[in-house]
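Subject: Structure handover and notes

Dear colleague,

Please find below the structure I am passing on to you, with its sequence. My notes on what was found in it follow directly after.

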Amino acid sequence: MSRILVVDDEPYLADLVATALRYEGYATAIAPTGASAIAMTGTFRPDLIVLDVMLPDVLGTEVCRRLRQSGSDVPVVFLTARDATEDRVGGLRAGGDDYVTKPFSLEELVERVRAVLRRTGGRGEPQRGRSSFADLVIDDDAYEVRRAGALLDLTPTEFKLLRFLLTNAGRVMTKRQILDHVWEYDFGGNDGVVQTYISYLRRKVDATGPPLIHTVPRVGYVLRLPRKE
């Protein structure tokens, strides 16, 4: 499994990017500053770094220069709100491998990461295979979902939603997070669509066993086993 370090001082954005990459099968870690990014490059040993240019302690371009000077050749994909040609050139001259400007599509970022990993000799396509929770099994290769061995008939959106919940089993996902990852973060629709699809999913997933999809009032939804009274 390829490891990706996400470096950004905006907690929500960092978690958004890390969760999107984890959803795609990568192992992720987050660093909020340039100093912690340099330290974690030695401990986490990432296969790629998604690096914000504007950090609170030092510019991301300087972080990249220091990594290159230390002998590290880990690929770097810069994130920045700056779209000027000189900024792009500056990032590449600092040793970066690609440059993504904000706002960006999560799908585009994931594809850029895959492309850089393929180009630099890393694994651009992580192996998903099967993932499971309790008696629920998702087979990405066969594009199938089974509960207690019984095949469930899910639409593509239901499949993606369930896989996102399973990837984050035990963690409460807000409607905003679900929209960002299942419908993409530039989705312009109403967040009521999440409640609707959760309802659809429950009818299929929880019809054959103890409920796994739970609502946390005023927070969001979580995939977990029923709590014992």
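Helices (H or I, at least four residues) and strands (E, at least two) are named here as DSSP runs, numbered from the N terminus. Please keep in mind that this is a predicted model, in which local features need pLDDT of at least 70 and side-chain atom pairs count only at pLDDT 80 or more, while totals for chains, interfaces and linings use all residues. Residues are numbered from 1 along each chain as its sequence is written, and side-chain values use heavy atoms, with hydrogens and water left out.

I begin with the loop between E11 and E12, where Arg218 is found. Although Arg218 is not a glycine, it has a positive phi of about 65°, and at 86% relative accessibility it counts as exposed (buried means under 20% relative accessible area, exposed over 50%, and partly exposed in between, with a 1.4 Å probe and protein chains only). A second residue of this kind is Arg45, again not a glycine, with a positive phi of about 55°; Arg45 sits in the loop between helix H2 (34-43) and strand E3 (48-52) and is exposed, with a relative accessible area of 55%. As background, most residues other than glycine have a negative phi, and most peptide bonds are trans. With that in mind, the peptide bond from Lys102 to Pro103 is worth a look, since it is cis, with omega near -5°. Pro103 belongs to the loop between strand E5 (98-101) and helix H5 (106-119).

The strands on either side of Arg218 belong to an open sheet of 3 strands, in the order E10-E12-E11 and with antiparallel pairing (two strands pair if DSSP finds at least two bridges between them). Strand E10 (173-174) and strand E11 (213-216) are at the edges and have a single partner strand each, so one side of each is left without a neighbour in the sheet. E10 is joined to strand E12 (residues 220-223) by 2 bridges, the two running antiparallel, and Met173 has Tyr221 of E12 as its bridge partner. Helix H6 (residues 156-167) packs on this sheet and touches E10, E11 and E12 (contact means heavy atoms within 4.5 Å); its direction makes about 75° with that of E12 (angles run from 0 to 180 degrees between N-to-C directions, and axes are lines fitted to C-alpha atoms, for helices over the stretch in contact).

A separate antiparallel pair consists of strand E6 (residues 130-133) and strand E7 (residues 136-139), joined by 4 bridges. The two form a hairpin with 2 residues between them, and Ala134 in the turn has a positive phi of about 55°. Within this pair, Arg130 stands opposite Asp139 in E7.

How do helix H1 (residues 11-23) and helix H7 (residues 175-182) cross, and at roughly what angle? Their axes come within 10 Å and cross at roughly 50°. From H1, the contact is made by Tyr12, Asp15, Leu16, Thr19 and Ala20, and from H7 by Arg176, Gln177, Asp180 and His181.

Lastly, Leu151 lies in strand E9 (residues 150-152). Leaving aside residues up to four places away in sequence, Leu151 touches Glu144, Val145 and Arg146. Leu151 and Val63 are 88 residues apart in sequence and 49 Å apart in space, C-alpha to C-alpha.

With best regards
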